[in-house]
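Here's a quick briefing to read with the model open beside you. It goes topic by topic, so feel free to jump around.

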Amino acid sequence: MSEIVMDRIRENLEALKMKHTLEILDNYLERAVKDNLNVIEVLDHILMEESRHKRKRAIETQIQTSGFPMRKELGDFDFSFQPSIDKRQIDELATMRFLDNGENIVFLGPPGVGKTHLATALGLAAAAYRRSTYYINCHNLIEQLKKAHYENRLPDRLRVLGKYKLLVIDEIGYLPMDIQGANLFFQLIARRYEKVSTIFTSNKTFSQWNEVFADVTIASAILDRVLHHCTVINIKGESYRLKERKEFMKQKQHIVNTLFEQGQN
Ligand SMILES: Nc1ncnc2c1ncn2[C@@H]1O[C@H](COP(=O)(O)OP(=O)(O)OP(=O)(O)O)[C@@H](O)[C@H]1O
Ligand SMILES: [Mg+2]
């Protein structure tokens, strides 16, 4: 093939933003000639690879903009350590049907039991499922909404936060919230209600949410909407952080003992 034609192909690939094909073209054509592939096979391979690459990049961008503090997958979760969790229930949530139905999920439980891990894993799965996903810690969310209110751009902020197909609000009840904060939180929940899904995590029981939201009326209005179409996962168990710390201390003690014994001999 003449260099002029090859240059034109490269220019067109660039203009069509087929970056991956541009990268693999020379090597692939060489191999295709060697393997005696026909035109259809070559075209099929190039288009398959380009669309696979584009899909992968779109997922990666979605994950990067979703703001998760850690990359944790369901496969990293040790269900045997947390028997109060029904794995089948988590597997059902991982099908993403809850997203299509605009349902919510609440993870409740004491520190270290895996609430953020599971919320993150489902959130990352939603991003991979190509649904707009955003993670935010509850305290930061309230700060953001308050700032938007003072800068007269609350409707815009609520519109953006209201539109995510999945919003993960982590750590409800860790820091105190005033009435204004609870009011802003309510506005967001009311806007998302029955349209799009939200995952919440909290170390407080629902009966303690009255204190979390500083006002009984607002708290019950929030709870009513959150729980209407919702899966609640109540985790009762030991902290995984503590288990890791215990194992670390055991290993350290073992090393100290071994060194001591070696010193004795
Ligand atoms: N069953 C588990 N299997 C594997 N890793 C786990 C498990 N449970 C928790 N972890 C890990 O332990 C650490 C703490 O878990 P995580 O942050 O999800 O806890 P949490 O319930 O959100 O706690 P907190 O209320 O303090 O925010 C994370 O690194 C998480 O990946
Ligand atoms: Mg957490």
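## Helices over the sheet

Helix α4 lies across β1 and β5, running at about 145° to β5. Keep in mind that this is a predicted model. Helix α6 (residues 115-128) lies across β1, β2, β3 (166-172) and β4, at about 155° to β1. Those strands belong to an open sheet of five, so let's start there.

**The sheet**

- Read across, the strand order is β2-β3-β4-β1-β5, and the pairing is parallel.
- The edges are β2 (133-137) and β5, each of which pairs on one side only.
- From one strand to the next, the twist averages 10°.
- As general background, strands of a sheet pair through backbone hydrogen bonds, either parallel or antiparallel.

**Strand β1 and its neighbours**

- How many of the residues of strand β1 (residues 104-108) are buried? Five of the five are, so the strand is largely enclosed by the rest of the structure.
- Both faces of β1 are covered, with Asn-104, Val-106 and Leu-108 buried on one side and Ile-105 and Phe-107 buried on the other.
- On the β5 side (residues 230-234), five bridges join the two strands, which run parallel.
- Within that pairing, Ile-105 stands opposite Thr-231, and Phe-107 stands opposite Ile-233.
- Strand β4 (residues 197-202) also runs parallel to β1, and four bridges join them.
- Here Phe-107 turns up again, standing opposite Thr-201 in β4.

**The α7/α8 helix pair**

- In general, two packed helices are described by the angle between their axes and the distance between the axes.
- For helix α7 (residues 138-150) and helix α8 (residues 154-163), the angle is about 145° and the axes are 7 Å apart.
- Which residues meet here? From α7 come Leu-141, Gln-144, Leu-145, Ala-148 and His-149, and from α8 come Leu-154, Arg-157, Leu-158 and Leu-161.
- Sorted by type, the residues of this contact are six nonpolar, two polar and one charged.

**Nonpolar cores**

- The largest nonpolar core has 31 residues.
- Which of its residues have the most contacts inside it? They are Ile-169, Ile-172, Phe-185 and Phe-213.
- Strands β1, β2 and β3 each give two or more residues to this core, and so do helices α7, α8, α9 (179-192), α10 (209-212) and α11 (216-228).
- Leaving out residues up to four places away in sequence, Phe-213 touches Ile-172, Met-177, Ala-182, Phe-185, Ala-219 and Ile-222.
- Another core, of 25 residues, lies apart from the largest one, and its members include Ile-90, Leu-118, Leu-122 and Val-168.
- As a general point, nonpolar side chains tend to be buried together in soluble globular proteins.

**Salt bridges**

- The count comes to 14 salt bridges.
- Glu-50 pairs up with Lys-54, and their closest N and O atoms are 2.8 Å apart.
- Both partners sit in helix α3 (residues 39-65), four residues apart, about one turn of the helix.
- Is Glu-50 buried or exposed? Glu-50 counts as buried because its relative accessibility is 6%, under the 20% cut-off.
- Its partner Lys-54 is partly exposed, with a relative accessible area of 40%.
- In helix α4 (residues 87-94), Lys-87 and Asp-91 are four residues apart, so about one helical turn separates them.
- That pair forms a salt bridge too, with the closest N and O atoms 3.0 Å apart.
- Lys-87 is partly exposed at 40% relative accessibility, and Asp-91 is partly exposed at 36%.
- Over in helix α8, the side chains of Arg-159 and Asp-156 meet in a salt bridge at 3.2 Å, N to O.
- Arg-159 and Asp-156 are three residues apart, so they too are separated by about one helical turn.
- Arg-159 counts as partly exposed at 43% relative accessibility, and Asp-156 counts as partly exposed at 43%.
- Elsewhere, salt bridges that share partners link Asp-7, Arg-10 and Asp-26 into one network.

Note on methods:
Residues numbered from 1 in each chain as written. Chains lettered and ligands numbered in written order. Predicted model: local features only at pLDDT ≥ 70, side-chain atom pairs only at ≥ 80, totals over all residues. Heavy atoms only, no water. Buried < 20%, exposed > 50% of the residue type's maximum accessible area, 1.4 Å probe, protein only. Pairing = 2+ DSSP bridges. Axes fitted to C-alpha atoms, helices over the stretch in contact; angles between N-to-C directions. Contact = heavy atoms within 4.5 Å. Nonpolar A, V, L, I, M, F, W, Y, C, P; charged D, E, K, R; others polar. Salt bridge = Lys/Arg side-chain N within 4 Å of Asp/Glu carboxyl O. Core = buried A, V, L, I, M, F, W, Y, C linked by side-chain atoms within 4.5 Å.
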